[in-house]
Amino acid sequence: MRKPKALFAALAAVGILFGGVATHAQAQSYRAEYRLSTVLGTAFPWGQAGERWAELVKEKTQGRINIKLYPGTSLVGGDQTREFTAIRQGVIDLAVGSTINWSPQVKELNLFSLPFLMPDYRAMDALTQGEVGQELFKVLERHQVVPLAWGENGFRELSNSKRPVRTPADLKGMKLRVVGSPLYNETFSALGANPTQMSWADAQPALASGAVDGQENPLSVFVAARLATVGQKHLTLWHYVADPLIFVVNKDVWASWSPSDREAVRQAALQAGRENVDKARKGLTAADPALLKQIEAAGVAVTVPTAAEREQFVAATRPVYAKWSKTIGEPLVKKAEAAIAASQKK
């Protein structure tokens, strides 16, 4: 019969052996590569956010999780509105996605597209970093994805090739490219424009050819995409909606990782999200004089509506706001309005 010390030593050796085998088996069950989707590429803060997340994940998991970036929503043929469904189905493993593009499948995400809900970055932070943001993450979890962090594409401004836009009357009959959300169609129809839904991949050729007169996007997109070179010579800074981004993982992919690696991916997303917000806002806010000079130097006339002129846009879109508040859920909208009101007093 073995002595107790020898027996314990033998059992410990067996435990180490099988523990090592289990760890090895778990590592072997990981895929060689995971697919990360973004709409915009690495010339834009959005694509850079995806690239940075992939980089941080590889670093924090010591190379156990490797992620490849697929910009241009290329995994769904460039159709931005199909991205969220593809994440749920496992066609896409991870994404840094827009609340706008996912709103057709998750009605609550239309909150950020309510016209003139958020006046500034304090208002946006009050939503994404507060109770409203937490509630929206719970909604996403019920849709079988794992949300990890917030990022930012920015406040969306209006550009066109025709004329300065100061009031809704200036938009009458103007052909505008909008994203694939019914709320945007209704907003611009209420303003007298002629909105046309199309993907970003189709937008620039349409602007260049004159098939559409204008578009709405954050200034980071306007500058990086060099929209002044495709006829967009009039820019209106009206901050009518904002476009938060969300870092998510397919739930089955998430479940396949060890708890420690899941936490590493979460921390990587939080860090990449913070860096993305800083980058999206740095030098790209409407109030930045250097940026405006750069835009004007490209031959673009910048229009900033007065408070009274802006109020005309607000009044014209109020019925759309009221209608979509019911679709989104009035309790959530009221909670958002209260959070924004509080943020303006700080």
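The following dialogue reads several features of one predicted model.

Colleague: Let us begin with a helix. Which residues of helix α7 are buried?

Modeller: Helix α7 covers residues 182-190, and Leu183, Tyr184, Thr187 and Phe188 are its buried residues. Viewed down the axis of α7, these buried residues fall within an arc of 120°, so they line one face of the helix.

Colleague: Why do residues three or four places apart in an α-helix point the same way?

Modeller: An α-helix has 3.6 residues a turn, so a step of three or four places leads back to the same direction.

Colleague: What happens just after α7?

Modeller: Glycine 192, just after α7, takes a positive phi of about 90°.

Colleague: Which residues have a positive phi although they are not glycines?

Modeller: Glutamine 62 is one of them, with a positive phi of about 50°. Glutamine 62 sits in the loop between α2 and β2, and is exposed, its relative accessible area being 60%. Histidine 239 also has a positive phi of about 50° without being a glycine. Histidine 239, however, belongs to strand β8 and counts as partly exposed, at 23% relative accessibility.

Colleague: I should like to turn to salt bridges. How many does the structure hold?

Modeller: The structure holds 15 salt bridges. To read one, we ask which side chains meet, how far apart the N and O atoms are, and where the partners lie in the chain. In one of them, arginine 35 pairs with aspartate 93, and the closest N and O atoms are 3.4 Å apart. Arginine 35 lies in strand β1, whereas aspartate 93 is in the loop between α3 and β3, so the pair ties together parts that are 58 residues apart in sequence.

Colleague: Are arginine 35 and aspartate 93 buried or exposed?

Modeller: Arginine 35 is partly exposed, at 27% relative accessibility. Aspartate 93 is buried, with a relative accessible area of 0%. The cut-off for buried is under 20%. In addition, a network of salt bridges links Arg31, Arg35 and Asp93.

Colleague: Which helices does the salt bridge between arginine 52 and glutamate 275 tie together?

Modeller: The side chains of arginine 52 and glutamate 275 meet at 2.8 Å, N to O. Arginine 52 is in helix α2 (residues 45-60) and glutamate 275 in helix α11 (residues 259-281), so the pair ties together parts that are 223 residues apart in sequence. Arginine 52 is partly exposed, with a relative accessible area of 24%, and glutamate 275 is likewise partly exposed, at 30%.

Colleague: With which residue does aspartate 120 form a salt bridge?

Modeller: Aspartate 120 forms a salt bridge with arginine 122, and their closest N and O atoms are 3.5 Å apart. Arginine 122 is partly exposed, with a relative accessible area of 39%.

Colleague: How should a pair of aromatic rings be described?

Modeller: Such a pair is described by the distance of the ring centres and the angle of the planes. The count here comes to 14 aromatic pairs. For tyrosine 34 and tryptophan 257, the ring centres are 5.4 Å apart and the planes are at 80°, so this pair is edge-to-face. Tyrosine 34 is in strand β1 and tryptophan 257 in the loop between α10 and α11, so the pair ties together parts that are 223 residues apart in sequence. Both tyrosine 34 and tryptophan 257 are buried.

Colleague: How are the rings of phenylalanine 188 and tyrosine 240 arranged?

Modeller: Their centres are 5.6 Å apart and their planes are at 75°, so the pair of phenylalanine 188 and tyrosine 240 is edge-to-face. Phenylalanine 188 comes from helix α7 and tyrosine 240 from strand β8, so the pair ties together parts that are 52 residues apart in sequence. Both phenylalanine 188 and tyrosine 240 are buried. Ring pairs also join Phe188 and Tyr240 with Phe116, Tyr184, Trp238 and Phe313 in a cluster.

Colleague: Finally, how is the largest pocket to be read?

Modeller: One asks how much space it holds and which residues line it. The largest pocket holds about 290 Å³ of space. Its lining comprises 19 residues, and Thr128, Gln129, Trp150, Arg274 and Val277 lie nearest the centre.

Colleague: Which element supplies the largest share of the lining of the largest pocket?

Modeller: Helix α11 does, with six residues. Each of α5, α6, β4 and α11 supplies at least two residues of that lining. By type, the lining divides into seven nonpolar, seven polar and five charged residues.

How values were computed: Residues are numbered from 1 along each chain as its sequence is written. This is a predicted model: local features need pLDDT of at least 70, side-chain atom pairs count only at pLDDT 80 or more; totals for chains, interfaces and linings use all residues. Side-chain values use heavy atoms; hydrogens and water are left out. Buried means under 20% relative accessible area, exposed over 50%, partly exposed in between (1.4 Å probe, protein chains only). Helices (H or I, at least four residues) and strands (E, at least two) are DSSP runs, numbered from the N terminus. The arc is that of the directions from the helix axis to the C-beta atoms. A salt bridge is a side-chain nitrogen of Lys or Arg within 4 Å of a carboxyl oxygen of Asp or Glu. On a 1 Å grid over the protein atoms alone, a cavity is a set of points where a 1.4 Å probe fits but cannot get out, and a pocket is an open set with protein on both sides within 12 Å along at least five of seven lines; lining residues have an atom within 4 Å of a point. Grid points are joined across faces, edges and corners, and a volume is the space filled by probe spheres set on the points. Ala, Val, Leu, Ile, Met, Phe, Trp, Tyr, Cys and Pro count as nonpolar, Asp, Glu, Lys and Arg as charged, and the others, Gly among them, as polar. Rings of Phe, Tyr and Trp (its six-membered ring) pair if their centres lie within 6.5 Å; planes under 30 degrees apart count as stacked, over 60 as edge-to-face and the rest as tilted.
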